[in-house]
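Reader: I'd love a close look at one part of this structure, the sheet region of the second chain, together with whatever packs around it. Could you walk me through it in one go, and then point out a few other local details?

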Amino acid sequence: MSLLKMTAAELAAAIKEGRTTAVEAVQETLAQIEEKERLYHAYVTVDKEKALAQAAAVQEKIEKGELTGPLAGVPVAIKDNLCTEGMLTTCSSRILADFIPSYSAEAVLNLQKAGAVIVGKTNMDEFAMGSTTETSAFGVTRNPWNPEHVPGGSSGGSAAAVAAGECFYALGSDTGGSIRQPASFCGVVGMKPTYGTVSRCGLIAYASSLDQIGPLAKDVTDCALILEAVTSHDHKDSTSIERKDTDFAAALREDVKGMKIGIPKDYFKEGLDVEVGEAVLNAARVLEEKGAVVEYFDLSLVDYAVPAYYTIAAAEASSNLERFDGIKYGYRSAGSKGLHDMYKKSRSEGFGEEVRRRIMLGAFVLSSGYYDAYYLKALKVKALIKKAFDEAFEKYDMILSPAAPTMAPKLGESLADPIKMYLGDIYTIAVNLAGLPAISLPCGYCRAGLPVGMQLIGDCFQEKKLIRAAYTYEKAAGTLSARGLFPADRITSVTGKEER
Amino acid sequence: MAKEYETVIGLEVHVELATKTKIFCGCSTAFGGAPNTQTCPVCTGMPGSLPVLNKKVLVYAVAVGLATNCEITRYCKFDRKNYFYPDNPQNYQISQLYLPICRNGSVTIEAEDGTEKVIGIHEIHMEEDAGKLIHDEWEDCSLVDYNRSGVPLIEIVSKPDMRNAQEVIAYLEKLRMIIQYLGASDCKLQEGSMRADVNLSVREAGKEAFGTRTEMKNLNSFKAITRAIEAEKERQIDLLEAGREVVQETRRWDDVKGESYAMRSKEDAQDYRYFPDPDLVPIVVSDEMLEEIRAGQPEFRTEKMARYREEYGIPDYDIDIITGSKHMADLFEETVVLCKQPKKVSNWLMGETMRLMKEKEMDAQDLRFSPENLAKLIALADSKAINGSVAKEVFEIMFEQDIDPEKYVEEKGLKTVSDEGALRKTIEEVIAANPQSVKDYRNGKEKAVGFLVGQTMKAMKGKADPGMIHQLLKEML
């Protein structure tokens, strides 16, 4: 089997058994990047020398028996809003185009301790604001299943890199669906853990109260292993939680007997693509066959989630992004006159349109006279949403829904209508507002040749239940690749002649 | 005929807390380091960095709150105050607006007429200090030093309960005393570890409604505060008398010129867009924590004064001076424990210590000598190993450098010569050399013996007990 078709766990096992080496894995990955990048543009930065040097060092440690973990020697891609010491970290923004952090994010350090080899930094929507990776200042990323479509966002580069075999797994961040939605668009597994599970230290904040780092992986097994590796209780992050139940890989069992799964009726209304709906309901049937109990229920607050989210996220973003002022680091406009002119020009020129829009929106909802009407009200909606989920989890072990209402849209379709783009986050956003864990995994493949993803939402700290159900489903239905579906293969036929 | 006016004053007092590390990171708070050497990603606002509260800041803030009779907010939060300025690396300051840690407190001061007056405290909140901007006119550029960025502050906001400069100074002295007793800050106005902004308005006597107030900044000494209050009161009254209005604004005091000028008016007041900082979790002050802080409160001045009267039997005047500074009180008590002679310790503090402090324009909290060394010095003098003037001479060195007086006396050979034979020999020489004085003495001039004692002391290079010389002289004459 070609190395690139292996999962991260398979590759690590092969390295451990001496069938291949970390260096070979990186070399193949770099070759794949070399070949595929001009098509997909999943990366902002690829550091070949560093990757090869890291691989050699890791290989040595593996041989000495110093690194024995299930991910040791596996090449990884890191979303470009996670700080990497000595390696460009841009948030896909002009304002940080030359920013090299002095320290690495805790999640990155945790992966390095597990023997990960960083090959590069992935493209994203600028400052994670967007759902298509089209707001990047450095060009769009294309969907490896069909390059005319977006990979989703904001972790679109990470999802595309995993799908295209340009890395074995990736880290992303999820503020309103930014891991789960691109995972579903690119046919990979993505997970947003419970808020506080993965340290945010070194994650360049978009909306601090909603941001969580999580894995994008080839299958559920990899997803569990990566989550286990990045999770830690970090004293550098006040919102980091000390958890005892972080042996996520232990949950990789085929067992959903008696598990109660709720499907929100409200999620299957207008606006949902028929094929997506069908694929998700098919998945429900698979889980039912495996012994789960599936029921429909009302979760009627959906309509308020999107406005509440965009109020809170924009408010926090407007403040979080104030530090990008052209004074200490990053882009500074040339030829400005005086301090305030420098601020204005640096920020106007350094930030893209979508970021500027959200900063202005956020500054507005926090301004005196509007704070109560918008920001406080949004916080109240957030509390109500949490309550609605709490009630649901009294009855159900988890909630099943689509990850996104449609398949990946075509390039250029979404940016023209931001409201429509915002509404695309409808199934994922409420999860962030409530701080819940959720996993997105492929559950179908539509006629247009694009994957469809489903989402399983759990109560706080119930990642293991989600992993168990997702693993059971994956074993029963088979991964896309087990069904002979590979984005890279499909690309060959797209660029040649359409197959069907 | 000019109208009678009443001045209404409220104070915003910033106090730098004496924590070893900053409020949201582990960087040192030490004063005077080379620029930007006490910094990290957190206090320079680097992307991805996160604040984590230094618990000691909370403990100090609660302790000050308890000592000023405040209600402690058991569930409190930090908020972000958003404004762009280069001394503020994140372009927001982490402070408290909605749920400050302490509220509704008070302190009692002595008013001008000697009666007690209660000054209300509206709230106390915790916040971070900003960096320091240095404008280099020569190079035409501005530089920023983030060493001070993230140094913990509490802001104590009084109610508008003060009516004149005397009350303001009394209030500040009271706050300073409490905070120094707690060890929460050294409260030095000159170094900026205590900063007071004065909110002042005037109104016609007997009127209920407040006049329009101004806020005065850059007040670096009690003297400057007093002068600024007098000047601002006059300025506002002059405006009103001239039929003009006081503008609500922030003014900056220039102590050299003795006048203030407007910095910004209410119209250009910024909208700080305060909102709860999502990077910091709400603070819950538990019963246990509150109890622990309460139990750890020190003995404050009033209690201390009562105990001193009871225990040490030293004059009220001494007690007043010694307890006026926590450091001096500690020095006193610790020395007494070692030498068991409260009166003698008090004498050293009231006499030589105060004299030297005045001479060197020092604060009591800057006294450097240790109780051990003062106790040793007292013991040396007691045992007559050194005489009084040598003791004073040694003390002066000890005051400066905290030397060990025993060693010093030994090394410099300052010990009194107690060898009678040697003394007698010297006295014989003095008698031989001063026949006139000897004659005077024998003719009944008692005073002449004093001169001879002095001559003997001189010959002994001060290392003798004058009493003993006196006795021997009389005997030998």
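Author: Strand S6 of chain B, residues 102-110, is where Asn104(B) lies. The model is a predicted one, and in it Asn104(B) has a phi near 50°, a positive value in a residue other than glycine. With 38% relative accessibility, Asn104(B) counts as partly exposed.

Now to the sheet that S6(B) belongs to. Nine strands of chain B make up this open sheet, in the order S2-S6-S7-S10-S1-S11-S12-S13-S14, and the pairing is mixed. At its edges are strand S2 (71-72) and strand S14 (259-265) of chain B, each of which pairs on one side only.

Let's look at S10(B), which covers residues 152-158. Seven of its seven residues are buried, so S10(B) is largely enclosed by the rest of the structure. In a regular strand, side chains alternate between the two faces of the sheet. Here Pro152(B), Ile154(B), Ile156(B) and Ser158(B) point one way from S10(B), while Leu153(B), Glu155(B) and Val157(B) point the other way, and all are buried.

The strand has a partner on each side in the sheet order, S7 and S1. Strand S7 of chain B (residues 116-128) runs antiparallel to S10(B) and is joined to it by seven bridges; in this pairing, Glu123(B) has Val157(B) as its bridge partner. Strand S1 of chain B (residues 5-16) is also antiparallel to S10(B), with five bridges joining the two, and there Glu16(B) stands opposite Leu153(B). S1(B) in turn pairs with strand S11 of chain B (residues 194-204) in the antiparallel sense, over 11 bridges. Within S11(B), Glu204(B) stands opposite Tyr5(B).

What lies across these strands? Helix H2 of chain B (residues 165-182) lies across S1, S6, S7, S10 and S11 of that chain and runs at about 115° to S6(B). Helix H3 of chain B (residues 222-241) lies across S1, S11, strand S12 (214-217), strand S13 (249-254) and S14 of chain B, running at about 30° to S11(B).

Chain B also has an open sheet of three strands, in the order S5-S4-S15 with antiparallel pairing. Strand S5 (92-95) and strand S15 (275-276) of chain B stand at the edges with a single partner strand each, so one side of each is left without a neighbour in the sheet. Strand S4 of chain B (residues 79-82) is joined to S5(B) by four bridges, and the two run antiparallel. One place to see this is Asn82(B), which stands opposite Tyr92(B) in S5(B). Here chain A comes in: its helix H9 (residues 302-320) packs on the sheet, touching S4, S5 and S15 of chain B, and its direction makes about 60° with that of S4(B).

A few side chains in chain B are worth a look too. The charged end of Lys81(B) sits over the ring of Tyr272(B), 4.4 Å from its centre. Lys56(B) places its charged end over the ring of Tyr60(B), 4.8 Å from the ring centre. Lys384(B), like Asn104(B), has a positive phi in a residue other than glycine; for Lys384(B) the value is near 60°. Lys384(B) is found in the loop between helix H9 (371-382) and helix H10 (388-401) of chain B, and is exposed, with a relative accessible area of 52%.

Over in chain A, helix H11 and helix H12 (residues 371-395) pack at an angle of about 105°, with their axes 7 Å apart. That makes H11(A) roughly perpendicular to H12(A). Where they meet, Phe364(A), Val365(A) and Leu366(A) of H11(A) come up against Tyr371(A), Tyr374(A) and Tyr375(A) of H12(A).

Finally, the aromatic rings. There are 29 aromatic pairs over all chains. One of them is edge-to-face, formed by Phe127(A) and Phe351(A) at 5.8 Å centre to centre with 70° between the planes. Phe127(A) lies in the loop between strand S3 (117-122) and helix H5 (156-163) of chain A and Phe351(A) in the loop between helix H10 (338-350) and helix H11 (353-366), so the pair ties together parts that are 224 residues apart in sequence. Both Phe127(A) and Phe351(A) are buried. Ring pairs link these two with Phe99(A), Phe324(A) and Tyr329(A) into a cluster. The loop between S3 and H5 of chain A also holds Ser154(A), which is joined to Gly153(A) by a cis peptide bond with omega about 10°.

Note on methods
Residues numbered from 1 in each chain as written. Chains lettered and ligands numbered in written order. Predicted model: local features only at pLDDT ≥ 70, side-chain atom pairs only at ≥ 80, totals over all residues. Heavy atoms only, no water. Phe/Tyr/Trp six-rings, centres within 6.5 Å; stacked < 30°, edge-to-face > 60°. Buried < 20%, exposed > 50% of the residue type's maximum accessible area, 1.4 Å probe, protein only. Lys NZ or Arg CZ within 6 Å of the ring centre and 35° of its normal. Pairing = 2+ DSSP bridges. Contact = heavy atoms within 4.5 Å. Axes fitted to C-alpha atoms, helices over the stretch in contact; angles between N-to-C directions. Parallel < 35°, antiparallel > 145°, perpendicular 65-115°, else oblique.
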